[in-house]
Amino acid sequence: MRTARRIAELAPYLFAELDRKVAAARTRGVDIISFGVGDPDLPTPPHVVEALVQAARDPATHRYPSYTGMPAFREAIAGFYERRFGVSLDPDGAIQPLVGSKEGIFHLPLAFVDPGDVALVPDPSYPVYPTATRLAGGEVVAMPLRADNGFFPDLDALAPEVLERAKVLWLNYPNNPTAATVTLDHLRAAVELCARHDILLCHDAAYTEITFDGYVAPSVLQVPGALEHAVEFHSLSKTYNMTGWRIGWVAGAPEAIEAIKRLKTNVDSGIFDAVQVAGIAALQGPQDHLEETVAHYRRRRDLLCDGLKSLGVVVEPPRGSIYVWAPVPGGHTSESYATFLLERCGIVVAPGTGYGAAGEGFVRFSLTLDDARLEEGVERMRGVAD
Ligand SMILES: Cc1ncc(COP(=O)(O)O)c(C=O)c1O
């Protein structure tokens, strides 16, 4: 069989590869402690599950959903933006529901990037930005995120000829994988740059609701003028522990939303209506679970950061996301350390280079496991520390 060149050139998805290694280790009988994929272990709030169950019993939800999503779901999203960020969005023109934000992130370059166009992509980053760019025929220009720039790209360092060719610029804060956070001024600088160069700013806001120590994450749409130059991807996955449900959205510049809509009507047929009804329950129902969810992650963050510190690895506790980005011990690369932890400790972490070349020297710990397993993980690492 002859597959397309683009398949031959497509690297396996980082976590599909990790899953394979973990499955092989489990087959050998290893008791795996996984700090790997960022998939919340906490359950979806019960009232959201109940809303799905009831809606699924209604045959009206069994037909093709609308391409543009249920009006009531788009209104619930607009309500979230108003309440949380003080941003007014037109539910018809400025919001498009997605089959999980990954779907929209993957499709965006098909709507904005022609062969030869540049996409400015942070390095390290969520792997879908560069992969989707390349599959659309675009060229990825990496914007390194380093500890010494606070894991925010040096926008002033972007060459004029690159900015000239750039169609989109990706940002993601709170950041995966570095767990870095930003102020609204950072996002303002990015909007201004994109406005000057007619670039679409794509902000991935999957983790804005998981923040600690009084830090409140901004939305790019709070920046004046952003509605002309930016879109923001959002998701119910992490805020409401709904990764399995596949529901998210993109909001922002109406011209961009229109292009995404046109593309999507040709690709998928929307989100199961019962899942959208559950999404409405999530956004409009009681929010007390969120405080508990954040408290779990904060405690785990502290357990892990304190544990790593006791092993001589100093990590500033992050103010957001569900990750800890930790430097690897001397003598190791990201890959060799991830392999060492798997083989010697039965511990899964994500190697920093899985997120881009600039991730070298780091591994990512996800906080999606309970305290006892997390502490056992630290003890296993202590057992093999020099
Ligand atoms: C930065 C970032 N964006 C988007 C996603 C995808 O989320 P969703 O479940 O909405 O597709 C993830 C998932 O881990 C992520 O880390």
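This passage walks through the two largest pockets of a predicted model. In this model, local features need pLDDT of at least 70, side-chain atom pairs count only at pLDDT 80 or more, and totals for chains, interfaces and linings use all residues. Numbering runs from 1 along each chain as its sequence is written, and side-chain values use heavy atoms, with hydrogens and water left out.

The largest pocket (an open set of points on a 1 Å grid over the protein atoms alone, where a 1.4 Å probe fits, with protein on both sides within 12 Å along at least five of seven lines) has a volume of about 620 Å³. That volume is the space filled by probe spheres set on the points, which are joined across faces, edges and corners. Its lining (residues with an atom within 4 Å of a point) counts 24 residues, and Ala11, Pro127, Pro130, Thr131 and Arg134 come closest to the centre. Helix H6 (128–135) is one of the elements with at least two lining residues here, and H6 tops the list with five (helices are DSSP runs of H or I, at least four residues, numbered from the N terminus). Domain 1 (5–43 + 288–385) and domain 2 (63–284) both chip in, so this pocket sits between them (the bounds come from an automatic or database domain assignment).

The second largest pocket has a volume of about 540 Å³. Of its 25 lining residues, Tyr13, Gly38, Lys102, Tyr126 and Lys238 are the closest to the centre. Helix H2 (14–27) and H5 each give two or more residues, with H2 giving the most, three. Again, domain 1 and domain 2 both contribute, so the second largest pocket also lies between them.
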